[in-house]
Amino acid sequence: MDAKARQSADSAPAPSKPPSVALLRERLASGALDAITLVEGYISRIEAREPDVGAWAWFDPEFVRAQARTMDAHRRAGRPLGRLHGLPVGLKDIIDTARIPTTNGCARDAGRVPLRDAFVVERLKKEGAIIMGKTVATELAFMHPGKTANPHDLAHTPGGSSQGSAAAVADGMVPLAIGTQTGGSIIRPASYCGVTGYKPTFGAIPRRGILTQSPSLDTVGVFASDPAGAALLAEVLFGHDADDAATHPEPTPALFAAATSKPPLTPVLGYVRPPGWDGADPQLREAFNELVEALGDQAFEMPLPALFDTAAEQHKLINFAEMSYHYYPYWRDAADQLGKATRHAIEHGNATLARDYLSARDMPKLLNAALDQMLARCDAILCPAATGPAPQGLETTGDPIFNNLWTLCGTPCISLPLLTSQEGLPMGVQLIGARGNDARLLRTAQWLFDWADGASQ
């Protein structure tokens, strides 16, 4: 179905305020809500909206029902419950699921069925989550779009590359979803679709069993309706895996407890206008300035040093060079089946000189030295999550210029759906925290989320 046909399709609007994930978990654990009852509602929503939104690469309602019945029997038997007992979770279709298709959004991998679960899927199952299905990813998690449309306006992009995960949560098809970010693939679709998208500190969540695009940048993240829901899911996924050298054996932070606790002092935010600000949509700039003004003494401006002006180019150099290595089999065997953007990136990586790549790899050290000084003056850095509302048309996934800087630095980031365009499309704001201080960032994010909700009443 093309964008115009989708636009005119007779379908239910996205829910205005989904139930809290924390509340759902409490009701499931107490027996006030059965998992089968919960998933039937989501299945109905998917059946009604999927022809228009196109968020799912693989979905089997009977598989979902079977898991839910197992979870209900488990609870009724009085057995210990996992931290995500009965909660449905959507998985980006680059995350391996044993005996369930994982196609990486590309023609070459059509029909691919892994034999082993990814680390994050093992964690989900251990904690009682229900695998709702596989959400649409762009081709090889890059810029060539999949079939998904924006639930708020079907003629607009949902972003990428975690487009299906963001759209499914935004449309009320599932309460939680997992995605990945190498440039802006969690924060930007969260902004466009009007949900919370959280990208943790680089290396916090193991990537074993997930398509490798750029090991220096690839980061697993989550989608939810609010920061507390994102914290609940992410806390389960944090950990160490010997197969992922970016992870370390260390205690898991109490993310959910932090997100649901009151800050000891009212947070102070340092706001920046990042590279690309002058080219951003005037509506976004105006709305962001109004937010800063409304925050009053809780926000102050912090100019970014000139060093950050070249960060996007350095990010691209690393990303493309590593893509050219990890995606070589796709290039070798099926280059003619790849989208133009994917081919261009691999070709760019093929031509990258070793000295330029190694020089770019040094850039995060310099950037983080400056960021550490900035973050010592505030609880979090505040900036827009995208350059404006979701662009019209499904041929693009939007501009990641406001995201790839923070991905390069490996800092935790979160997008909150606080702004709206004149056409009613969501526009997110982004908070950036210090590396390793994800709990503080989530607490600050929940404070800002609640503050904005109260200010709008």
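**Salt bridges, cores and empty space**

Reader: Starting with a charged residue, what is the relative accessible area of Lys 316?

Author: In this model, which is predicted, Lys 316 has a relative accessible area of 30%, so it falls into the partly exposed class.

Reader: And what does its side chain pair with, in terms of salt bridges?

Author: The side chain of Lys 316 meets that of Glu 313 in a salt bridge, with an N to O distance of 3.7 Å. Glu 313 is likewise counted as partly exposed, at 41% relative accessibility.

Reader: Where do Glu 313 and Lys 316 sit relative to each other?

Author: Both belong to helix 11, which covers residues 311-326, and because they are three residues apart there, about one helical turn separates them.

Reader: How many salt bridges does the structure hold?

Author: There are 27 of them in the structure. One is formed by Glu 50 and Lys 147, whose closest N and O atoms lie 3.8 Å apart. Glu 50 is part of helix 3 (residues 35-53), while Lys 147 is in the loop between strand 3 (130-135) and helix 6 (163-170), so this pair ties together parts that are 97 residues apart in sequence.

Reader: Is Glu 50 buried or exposed, and what about Lys 147?

Author: Glu 50 counts as buried, at 16% relative accessibility, whereas Lys 147 is partly exposed, with a relative accessible area of 43%.

Reader: What about Arg 108, which residue does it bridge to?

Author: Arg 108 forms a salt bridge with Asp 109, and the closest N and O atoms of the two are 3.7 Å apart. In this pair Arg 108 is the partly exposed partner, at 35% relative accessibility, while Asp 109 is buried, at 8%.

Reader: Which residues are linked in a network of salt bridges?

Author: Such a network links Arg 116, Glu 122, Arg 208, Asp 241 and Asp 243.

Reader: Switching to the nonpolar side, how many residues are in the largest core?

Author: The largest nonpolar core has 111 residues, and Val 120, Leu 124, Ile 178, Leu 382 and Leu 431 are the ones with the most contacts inside it. There is also a second, separate core of 28 residues, which includes Met 302, Ile 318, Ala 385 and Cys 413.

Reader: Which residues does Leu 431 touch, leaving out those up to four places away in sequence?

Author: With those neighbours left out, Leu 431 touches a list of residues that includes Leu 269, Ala 380, Ile 381, Leu 382, Pro 412, Cys 413 and Ile 414, and also Leu 441, Thr 444 and Leu 448.

Reader: You mentioned helix 6 earlier; how many of its residues are buried?

Author: Eight of its eight residues are buried, and the helix is described as mostly covered. They are Gln 163, Gly 164, Ser 165, Ala 166, Ala 167, Ala 168, Val 169 and Ala 170. Helix 6 is followed by Gly 172, which has a positive phi, near 75 degrees.

Reader: Now the empty space: what volume does the second largest pocket have?

Author: The second largest pocket has a volume of about 380 Å³. It is lined by 22 residues, of which Phe 142, Met 143, Asn 319, Phe 320 and Pro 400 are the closest to its centre. Helix 11 and helix 13 (340-350) are the elements that give two or more residues to this lining, and the largest share, six residues, comes from helix 11.

Reader: How does that lining divide into nonpolar, polar and charged residues?

Author: The lining of the second largest pocket has seven nonpolar, twelve polar and three charged residues.

Reader: And how many cavities of 30 Å³ or more does a search find?

Author: Over the whole structure the search finds three. The largest cavity has a volume of about 60 Å³, and its lining includes Gly 203, Phe 238, His 248, Glu 250 and Pro 253. By class, that lining has four nonpolar, four polar and one charged residues.

Reader: How much space lies in the second largest cavity, and what lines it?

Author: About 50 Å³ of space lies there, and among the residues that line the second largest cavity are Pro 274, Phe 308, Ala 311, Ile 401 and Asn 404. Helix 11 and helix 15 (404-409) each supply at least two residues of this lining, which by class has eight nonpolar, one polar and no charged residues.

Note on methods: Residues are numbered from 1 along each chain as its sequence is written. This is a predicted model: local features need pLDDT of at least 70, side-chain atom pairs count only at pLDDT 80 or more; totals for chains, interfaces and linings use all residues. Side-chain values use heavy atoms; hydrogens and water are left out. A nonpolar core is a set of buried Ala, Val, Leu, Ile, Met, Phe, Trp, Tyr and Cys residues joined through side-chain atoms within 4.5 Å. Buried means under 20% relative accessible area, exposed over 50%, partly exposed in between (1.4 Å probe, protein chains only). Contact means heavy atoms within 4.5 Å. A salt bridge is a side-chain nitrogen of Lys or Arg within 4 Å of a carboxyl oxygen of Asp or Glu. Helices (H or I, at least four residues) and strands (E, at least two) are DSSP runs, numbered from the N terminus. On a 1 Å grid over the protein atoms alone, a cavity is a set of points where a 1.4 Å probe fits but cannot get out, and a pocket is an open set with protein on both sides within 12 Å along at least five of seven lines; lining residues have an atom within 4 Å of a point. Grid points are joined across faces, edges and corners, and a volume is the space filled by probe spheres set on the points. Ala, Val, Leu, Ile, Met, Phe, Trp, Tyr, Cys and Pro count as nonpolar, Asp, Glu, Lys and Arg as charged, and the others, Gly among them, as polar.
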